[in-house]
Amino acid sequence: VLSKSDPYVVVKIKDVSHKTRTCNGGGANPRWDKGGNTMNFNVPVGTTTMTIQVWDKDTFTADDKMGTNPGYDLLPVMRSGHVDAWVPLKRCVSLSAIGCCLM
C-alpha cells in the first residue's frame, strides 16, 4: 500500500553512492528537507551523469525499488552550480518524479 511506504534515495556517481535517511511513512509525498541528507561527491573528469534510485524500506523482506533515473544529466549543475528540479523517474512503481536541489 503506497501510504505505508518508507522511501529512501540512493544517488550514485561512478562507483560512489550515498543514501538518504528513510522517510518513515513518507508514502507518495516523502520529504527529506529536515537536514542530514546532504551528499558530497567528487565528480571525476568526464563524468556527466548520475543515477538516482528511490527505494521502499522493508523490515522483513528485500527493499522494493520504487523508481530510477539511470542517467540524470549533471551538466546543468556543473554549469550553474545549483539546480532545483523535479527529476523524472523511470520504471516507477508508485512515484513519477522526485524533487531535489542539486549544488
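Select Thr-47 to begin: leaving aside neighbours within four places in sequence, Thr-47 is in contact with Ile-13, Lys-14 and Met-78, where contact means heavy atoms within 4.5 Å. Thr-47 belongs to the loop between E2 and strand E3 (49-56). Helices (H or I, at least four residues) and strands (E, at least two) are DSSP runs, numbered from the N terminus. Thr-47 counts as buried because its relative accessibility is 6%; buried means under 20% relative accessible area, exposed over 50%, and partly exposed in between (1.4 Å probe, protein chains only).

The model is a predicted one, in which local features need pLDDT of at least 70 and side-chain atom pairs count only at pLDDT 80 or more, while totals for chains, interfaces and linings use all residues. Residues are numbered from 1 along each chain as its sequence is written, and side-chain values use heavy atoms, with hydrogens and water left out.

**The contact partner Lys-14**

Move next to Lys-14, one of the residues in contact with Thr-47. Lys-14 sits in the loop between strand E1 (7-13) and strand E2 (16-19). Is this residue buried or exposed? Lys-14 counts as exposed, because its relative accessibility is 54%. The backbone also merits inspection: Lys-14 is not a glycine, yet has a positive phi of about 55°. Most residues other than glycine have a negative phi.

**The sheet**

Now display the whole chain as a cartoon. The chain has 1 helix and 6 strands, and from the N terminus on, the elements run β-β-β-β-α-β-β. Select the open sheet of 4 strands, whose order is E2-E1-E3-E4 and whose pairing is antiparallel. The edge strands are E2 and strand E4 (64-73), each of which pairs on one side only. On average, neighbouring strands of this sheet are turned by 15° against each other, direction ignored; the axes are lines fitted to C-alpha atoms, for helices over the stretch in contact, and angles run from 0 to 180 degrees between N-to-C directions.

Within the sheet, focus on E1 and E3, which pair in the antiparallel sense over 6 bridges. Two strands pair if DSSP finds at least two bridges between them. Select Val-9 and look across to E3, where Val-54 stands opposite.

**Met-39 and Lys-19**

From Val-9, proceed to Met-39, in the loop between E2 and E3. Not counting residues up to four places away in sequence, Met-39 touches Val-9, Val-11, His-18, Lys-19 and Thr-20. The C-alpha atoms of Met-39 and Lys-19 are separated by 8.1 Å, the two residues being 20 apart along the chain.

Keep Lys-19 selected and add Tyr-8. Lys-19 lies over the face of Tyr-8, at 4.7 Å from the ring centre; a charge sits over a ring if NZ of Lys or CZ of Arg is within 6 Å of the ring centre and within 35 degrees of the ring normal.

**Ser-5, ahead of E1**

Select Ser-5, in the segment before E1. Ser-5 counts as buried because its relative accessibility is 3%. Which residues does Ser-5 touch, not counting residues up to four places away in sequence? They are Cys-23, Gly-25, Gly-26, Gly-27, Asp-56 and Met-66.

**The chain as a whole**

Finally, show the surface. Of the 103 residues of the chain, 37% count as buried. Among contacts between residues at least 6 apart in sequence, 40% join residues at least 24 apart.
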